[in-house]
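Let's go through this model together, one question at a time. Have the sequence and the viewer ready.

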Amino acid sequence: MSFTGNYSCNTLRSGLVNGTINFATDTFYLALYTNSATLDQTTTAYTAVGEASGGDYVAGGLVVTASIASETTSTGSTTYVNFSSPAWTGAITARGALIYTPGDNGAVCVLDFGSDKTSTTTFTVQMPANTATSALIRLV
């Protein structure tokens with residue numbers, strides 16, 4: 001199966017409600033995947049199935065740092081979360097990524113790059129601006 005879009009995972013929504021995901025204190029990882037991976041909103045945890053390889057990429061990916069901010073405007077308020085942009089060196093091809101916390105906390109979100117992305121020097125997952133209108137995770 002292939003990537004079918006960007007998703008916030010069900011484990012993120014339940015983790016926010018029951019307190020098992022804490023953006024201020026948890027450690028988060030970003031793992032890269034090929035188009036053979038099956039990842040969507042029902043993904044519950046990191047898996048090595050379909051994971052990318054090459055260059056200095058190591059199974060499980062890299063630690064990404066969460067940034068939390070809030071903004072209030074005349075139309076309401078938004079709390080938003082973004083992550084640092086991880087980078088690997090060498091030849092790597094990936095179709096998407098999974099941000100997750102290790103252990104029982106689980107999958108946070110699936111990122112679909114839209115097509116295979118290949119780098120022969122540095123593979124960087126560039127996160128969007130950390131604003132109320134473009135951050136990766138926005139709670140309105």
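Before anything else, the element names: helices (H or I, at least four residues) and strands (E, at least two) are DSSP runs, numbered from the N terminus. This is a predicted model, in which local features need pLDDT of at least 70, side-chain atom pairs count only at pLDDT 80 or more, and totals for chains, interfaces and linings use all residues. Residues are numbered from 1 along each chain as its sequence is written, and side-chain values use heavy atoms, with hydrogens and water left out.

Q: Thr20 lies in the loop between α1 and which element?
A: Start at α1, which covers 10-18. Thr20 sits in the loop that links this helix to strand β2.

Q: Is Thr20 buried, partly exposed or exposed?
A: The scale runs on relative accessible area: buried is under 20%, exposed is over 50%, and partly exposed is in between (1.4 Å probe, protein chains only). Thr20 comes out at 34%, so the verdict is partly exposed.

Q: Which residue's side chain shares a polar contact of 2.9 Å with that of Thr20?
A: A polar contact here is a pair of N or O atoms within 3.5 Å; within protein, one must be able to donate a hydrogen and the other to accept it, and residues adjacent in sequence count only if both atoms are side-chain atoms. For Thr20, the side-chain partner at 2.9 Å is Asn18.

Q: What distance separates the C-alpha atoms of Thr20 and Thr101?
A: Along the chain, Thr20 and Thr101 are 81 residues apart. In space, their C-alpha atoms are separated by 9.9 Å.

Q: In what order do the 5 strands of the open sheet run?
A: Two strands pair if DSSP finds at least two bridges between them. The pairing in this sheet is antiparallel. β1 and β3 (62-64) each have a single partner strand, so they stand at the edges, with one side left without a neighbour. Reading across, the order is β1-β8-β7-β2-β3.

Q: Over how many bridges do β2 and β7 pair?
A: Look at the residue partners: Ala31 of β2 bridges to Leu98 in β7, and Leu32 has Ala97 as its bridge partner there. The two strands run antiparallel, and their bridges number 5.

Q: Which residue in β3 does Tyr29 stand opposite?
A: β2 also pairs with β3, in the antiparallel sense over 3 bridges. Across that pairing, Tyr29 faces Val63.

Q: How many of the 6 residues of β2 are buried?
A: Tyr29, in β2, is partly exposed at 24% relative accessible area. The strand as a whole is mostly covered, with a buried count of 5.

Q: Which residue forms a stacked aromatic pair with Tyr29?
A: Rings of Phe, Tyr and Trp (its six-membered ring) pair if their centres lie within 6.5 Å; planes under 30 degrees apart count as stacked, over 60 as edge-to-face and the rest as tilted. By this rule there are 8 aromatic pairs. Tyr29's stacked pair has 5.6 Å centre to centre and 20° between the planes, and the other ring belongs to Tyr100.

Q: How many residues apart in sequence are the parts that Tyr29 and Tyr100 tie together?
A: Tyr100 is buried, with a relative accessible area of 6%. Tyr29 belongs to β2 (residues 28-33) and Tyr100 to β7 (residues 92-101), so the pair links parts whose separation in residues is 71.

Q: The backbone nitrogen of which residue lies 2.9 Å from a polar atom of the side chain of Thr43?
A: Thr43 is found in the loop between β2 and β3, and at 9% relative accessibility Thr43 is buried. The backbone nitrogen at 2.9 Å from its side chain is that of Asp40.
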